[in-house]
Amino acid sequence: MDTKVISSGVHYTNLPASYVRPESERPRLSEVSTCEDVPVIDLGCQDRNQIVQQVGDACEHYGFFQVINHGVSLEAVEKMLGVAHDFFSLPVEEKLKLYSDDPSKTMRLSTSFNVNKEKVHNWRDYLRLHCYPLDKYVPEWPSNPPPFK
């Protein structure tokens, strides 16, 4: 594959071989059960022990959960989604300035957690950003698109 990221603008007619999992590693959809009730965890609950228990149970039994009353405004969520969309829509040359296959980097764009060790990659790009403490890591964050930081 010529580019190191999926969001390169290239329209593939065939899936690159490095993204094709062997049959034995693919999900067996006939064995996947439907989930009617995604666990919902209310972070507004005053009982921290109950929240911790609910998170543990949801992770153990479902692998995921939905959070409500997290205190993040709808406006902030919409802005974050807009900036993320704008970032991944940047020209590939701009995004590749942030590409790294070094898994120890605290800020990097990549397509896999460890591209040098994985035999099969995931069909995705991600931007890894360490966030805590903010004053330490925000200076590393991308400055393009301008509202990113």
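**Strand pair**

I started with β3 and β4: strand β3 is joined to strand β4 (residues 126-129) by 4 bridges, and the two run antiparallel. My rule for pairing is at least two DSSP bridges between the strands. Strands here are DSSP runs of E with at least two residues, helices are runs of H or I with at least four residues, and both are numbered from the N terminus. I looked up the partner of R108 and found R128 of β4 opposite R108.

This is a predicted model, so I kept to pLDDT of at least 70 for local features and 80 or more for side-chain atom pairs, while totals for chains, interfaces and linings use all residues. I number residues from 1 along each chain as its sequence is written, and side-chain values use heavy atoms, with hydrogens and water left out.

Next I asked which residues cover the two faces of β3 (residues 107-110). M107 and L109 sit on one side, R108 and S110 on the other, and all are buried. I call a residue buried under 20% relative accessible area, exposed over 50%, and partly exposed in between (1.4 Å probe, protein chains only).

**S110 and D125**

S110 belongs to strand β3. Its relative accessible area is 0%, so I logged S110 as buried. The side chains of S110 and R108 make a polar contact of 3.5 Å. For a polar contact I need a pair of N or O atoms within 3.5 Å; within protein, one must be able to donate a hydrogen and the other to accept it, and residues adjacent in sequence count only if both atoms are side-chain atoms.

I then listed what S110 touches, not counting residues up to four places away in sequence: Y99, S100, R124, D125 and Y126. Contact means heavy atoms within 4.5 Å.

D125 was on that list, and I found D125 in the loop between β3 and β4. D125 has a relative accessible area of 16%, which means it goes down as buried. Leaving out residues up to four places away in sequence, D125 touches V5, I6, S7, F88, L109, S110 and T111. One of these I checked by distance: D125 and S7 are 118 residues apart in sequence, yet their C-alpha atoms are 6.7 Å apart.

**Core**

How many residues does the largest nonpolar core have? I get 13, and those with the most contacts inside the core are F87, L109, L127 and F148. α2 (74-88) and β3 are the elements that give two or more residues to this core. The set takes buried Ala, Val, Leu, Ile, Met, Phe, Trp, Tyr and Cys residues joined through side-chain atoms within 4.5 Å. Background note: nonpolar side chains tend to be buried together in soluble globular proteins.

I followed L127 further. Setting aside neighbours within four places in sequence, L127 is in contact with F87, F88, M107, R108, L109, P142 and F148.

**Helix α1 and the cysteines**

Helix α1 (residues 48-61) has 14 residues and spans 20 Å from first C-alpha to last, close to the 20 Å expected at 1.5 Å a residue. I took the expected span as 1.5 Å times one less than the number of residues. At the start of α1, a side-chain oxygen of D47 comes to within 3.2 Å of the backbone nitrogen of N49. Just after α1, I noted a positive phi of about 90 degrees at G63.

I searched the whole structure for disulfides (cysteine sulfur pairs within 2.5 Å) and found 0. For C45, the nearest cysteine sulfur is that of C59, 17 Å away. C45 is partly exposed at 24% relative accessibility, and C59 is partly exposed at 42%.

**K97 and helix α4**

K97 is in the loop between α3 (92-96) and β3. Buried or exposed, I asked of K97? At 62% relative accessibility, K97 is exposed. The side chains of K97 and E94 share a polar contact of 2.9 Å. K97 and P139 are 42 residues apart in sequence, with 15 Å from C-alpha to C-alpha.

P139 came up again when I looked at L134, which touches P139 and W141 once residues up to four places away in sequence are left out. L134 is in helix α4 and is partly exposed, with a relative accessible area of 49%. D135 lies in helix α4 (residues 134-137) too, and D135 counts as exposed at 69%. My last check was D135 to I41: 94 residues along the chain, 30 Å between C-alpha atoms.
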